[in-house]
Amino acid sequence: MPDALASKVDGAYKPISHKELQAKVERLCLAMEARGLRKGDRVGILCDNRPAWAIMDFACSLLGLVSVPIYHTLTAEQTSYILQHSGSRWILTSNGAQFNKIKASADRLPELETVVVLDGVPPEPHGMNCLPWDTLMAEGEALDARRPEVRAWAAQRVPGDLLTLIYTSGTTGDPKGAMLTQGNLASNIEAVVEVAIVALRPERGDRCLSVLPLSHIFERTAGHYTMFHLGIGIYYAESLISLPQNLLEVQPAVLMAVPRIFEKIYAKVRDALTSGGLAQRMVFSWARSTCHRVVRYLYFDKQPGGLTNLAWRLADRILLSKVRAKTGGRLRFCVTGGAGINPTIMEFFWAMGVPIYEGYGLTETSPILTLNKIGRVRPGYVGHPILKSWNGRPFLKLAPDGEILCQGPNVMQGYWKDEAATREVFDAEGYFCTGDVGEIDPQGRVKITDRKKEIIVTNGGKNVAPQPIENALRDDPYIEQAVVVGDHRNHLAALIVPHFPALRDWCQRKQLPFKDDAEMLANPKVYAKIMTRVNHTNSQLPAYERVRKIALLEKELTPESGLLTPSLKLKRRVVNEAFKDVIEGLYRANA
């Protein structure tokens, strides 16, 4: 295929064919072996998504080197810890900010021998051995006659060979390095392909838009290895900001993303219509209602008939087809995970002809444990286990307290240099304890109710799972993000980031003047408006799960602020600490 990988170069996507990619990987292997790297050595990868990331990853796997991916959003201190703890000998990085992170802690990295720099050697390497990527690739090209040797080295790899160390986000304490073998990843890919190939039906020329960081295990397994295995071209998005434009340019058939990205796409459509006149708002409300009726058939791989089908076709002509065109027009398969997706958003995409299949997994499980299947989708559930059993025992089961446990070929070997932490996450039977609380319906579909360690216990002794409440709050068009608090308190409260476009529009309609967002949020009428929206959600909840007080935040929680993980999960304890005074103020006001 002419486009195994593609990235933006000088304003246009430049593809690399499978044949060219193979040559680059084999040449890199020869150059790295000639420079003394040997099986088991650790190699860090610190850069944004680009072909060089994939080339280095493939080369490491063939040589038996252990890749150590590092999120490019991490701080210099976090980067230093991972390099030091893993004992990485080499690291691949770009010039500029990423290189500066390594430079800042060079004296604490005695085992780091070589920094391979993608974008030219920095003018002041400060004593570090900096090797330009182009120089390294030229060294490999000079050894081109020896490329058959690489295939012989690859044949020596066995399932038990350590493939990668992936460090957890570190929401509490230092991150831990999950040890994943070649067999762990291969088994997960094989199981996922059996499900995906039926739903996706890959075709020659299909493309996948790679949005999540390759450092994230979900993107690496599903969007990198699996897409490559299926022969689907991988195109790297420039950024989340450029996603709308990249969708139009690439016209992907496949998109894998966390729910937050689908929420953003949906919110843009909703805002465009609800900010217009009454007629547009009525059209959107009707279309959303139509989507809700239609998916009752689509989730079971059936087509609606009668008036429902007629309404669906009309909604498609008026709205859905236009939104579908904004995604490139060829998108026919999406996968999401990492957090629960809002059922309303899932319904909209399915009715639009772009089904979103929800899955569930963890870094420690390579990562996918469950995935929805065609004809068996149930909103709020993350699908069936990808395996029924392993070595005569259930692949996935529930502990007496509801915690999800798993054992199988995809489960990590343990945490790097941390036997104590490894013992803590495996039970007496050898099952990995996920830390997630869930339930399984009679058809075998899994539902995640919350993180075991995040359960809020009120003063009244009630156990409250915050995530479902937060998801319900985020369903409101005036609420962008929500963090429910109330552990060991007499009631729940929440930190709310409003959906500012909708809120500004409301203020203008109500003729409420404001100079900036801070002044807008300080207006008691704005607070009352958001509290009214919260109470609308409260009306659907039992009394002990209702949010009694809120605090409005000016800025969105982001990975850059340290309040979300790079995969956009909430760092609950970090948020609670960052807004400690705000939270205390909520409860003082009710003393």
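Select lysine 264 to begin: this residue is partly exposed, with a relative accessible area of 39%. The model on screen is predicted.

**Stop 1: from lysine 264 to glutamate 480**

Add glutamate 480 to the selection. Its side chain and that of lysine 264 form a salt bridge, 3.4 Å from N to O. Lysine 264 belongs to helix H10 and glutamate 480 to strand E26 (residues 479-485), so the pair links parts 216 residues apart in sequence. Glutamate 480 has 12% relative accessibility and counts as buried, because the cut-off for buried is under 20%.

**Stop 2: along helix H10**

Stay in H10 and show residues 259-274. Pick out arginine 260 and glutamate 263. Their side chains meet in a salt bridge, at 3.1 Å from N to O. The two residues are three apart in the helix, so about one helical turn separates them. Are they buried or exposed? Arginine 260 is buried, at 13% relative accessible area. Glutamate 263 is buried too, at 11%.

**Stop 3: a second helix with a salt bridge**

Jump to helix H16, residues 500-509. Select aspartate 505 and arginine 509. Here the salt bridge has an N to O distance of 2.3 Å. The partners sit four residues apart in H16, about one turn of the helix. Aspartate 505 is buried, with 18% relative accessibility. Arginine 509 is partly exposed, with 46%.

Now select Arg260, Glu263, Lys264, Arg474, Glu480 and Glu556 together. Salt bridges with shared partners join these residues into one network. How many salt bridges does the structure hold? The count is 43.

**Stop 4: two packed helices**

Two packed helices are described by the angle between their axes and the distance between the axes. Show helix H1 (residues 18-34) and helix H6 (residues 147-155). Their axes are 9 Å apart and make an angle of about 85 degrees. H1 and H6 are therefore roughly perpendicular to each other. Which residues meet here? From H1 come Gln22, Ala23, Glu26, Arg27, Cys29, Leu30 and Glu33. From H6 come Arg147, Val150, Arg151 and Trp153. Colour the contact by class: there are five nonpolar, one polar and five charged residues.

**Stop 5: the nine-stranded sheet**

Switch to a cartoon view. Strands of a sheet pair through backbone hydrogen bonds, either parallel or antiparallel. Follow the open sheet of nine strands in the order E2-E1-E11-E10-E12-E13-E14-E15-E16. Its pairing is mixed. Which strands form the edges? They are strand E2 (12-16) and strand E16 (384-385), and each pairs on one side only.

Zoom in on E16 and strand E15 (residues 368-371). These two strands pair in the antiparallel sense, over two bridges. Select threonine 370, then its bridge partner in E16, proline 385.

Next, add helix H7, residues 182-200. H7 lies across strand E12 (254-256), strand E13 (333-336), strand E14 (356-361) and E15. Relative to E15, the helix runs at about 20 degrees.

**Stop 6: strand E8 and its partner**

Finish with strand E8, residues 162-167. Five of its six residues are buried, so E8 is largely enclosed by the rest of the structure. Add strand E9, residues 177-181. E8 and E9 pair in the antiparallel sense over five bridges. For a last selection, take leucine 162 and its bridge partner in E9, threonine 181.

Definitions and conventions:
Residues numbered from 1 in each chain as written. Predicted model: local features only at pLDDT ≥ 70, side-chain atom pairs only at ≥ 80, totals over all residues. Heavy atoms only, no water. Salt bridge = Lys/Arg side-chain N within 4 Å of Asp/Glu carboxyl O. Buried < 20%, exposed > 50% of the residue type's maximum accessible area, 1.4 Å probe, protein only. Axes fitted to C-alpha atoms, helices over the stretch in contact; angles between N-to-C directions. Parallel < 35°, antiparallel > 145°, perpendicular 65-115°, else oblique. Contact = heavy atoms within 4.5 Å. Nonpolar A, V, L, I, M, F, W, Y, C, P; charged D, E, K, R; others polar. Pairing = 2+ DSSP bridges.
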